[in-house]
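Here's a quick look at one helix and the neighbour it packs on. Have the model open while you read.

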Amino acid sequence: MHPQYGSKWLLKQALGSRLPQAIAQRTDKVGFSAPTKKWMNELWPQWKHHVVILGPWVNLKQLDSEANQLLHTEWRCLFLLRLVSLGAWIKQLQGSKPQPYNFA
């Protein structure tokens, strides 16, 4: 990240003359927002087993009891999605089989 030119500076430098200036200098770009709340409300029952591996760091019993409340807002759903992603990532690194859902 360049302090004056921002996070895309290195990418623009690397692409050099391959990237048309009309694209590189655009200022009307907008980010993509995923429907995290919708996804998590639909998929949490199928995905929550991924957080079991986080038991040493996350109070799973409390998470389970508060999950319905967490699913009411976008940023809390993003928190749950991050937990699911972290758990799935750790499982992938460890090569472990999915653990059964048991928050008790």
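Buried here means under 20% relative accessible area, exposed over 50%, and partly exposed in between (1.4 Å probe, protein chains only). Helices are DSSP runs of H or I with at least four residues, numbered from the N terminus. The model is predicted, so to speak of a local feature takes a pLDDT of at least 70, and side-chain atom pairs count only at pLDDT 80 or more, while totals for chains, interfaces and linings use all residues. Residues are numbered from 1 along each chain as its sequence is written, and side-chain values use heavy atoms, with hydrogens and water left out.

On α3, the buried residues are Thr36, Met40 and Trp44. They sit on the same side of α3 because they cover an arc of only 65° around the axis (taken from the directions from the helix axis to the C-beta atoms). Turned away from that buried side is a face with exposed Lys38, Pro45 and Gln46.

Here's how the two helices' lengths compare with expectation (1.5 Å times one less than the number of residues):

| Helix | Residues | End C-alpha distance | Expected span |
|---|---|---|---|
| α3 | 12 residues | 13 Å | 16 Å |
| α5 | 21 residues | 30 Å | 30 Å |

The cover over α3's buried residues includes α4 (60–70) and α5 (74–94), with contact meaning heavy atoms within 4.5 Å. Among the α3 residues meeting α5 are Met40 and Trp44. In turn, the buried residues of α5 pack against α3 and α4. The α3 and α5 axes are 9 Å apart, at an angle of about 40°.

Notes:
Helices (H or I, at least four residues) and strands (E, at least two) are DSSP runs, numbered from the N terminus. Axes are lines fitted to C-alpha atoms, for helices over the stretch in contact, and angles run from 0 to 180 degrees between N-to-C directions.
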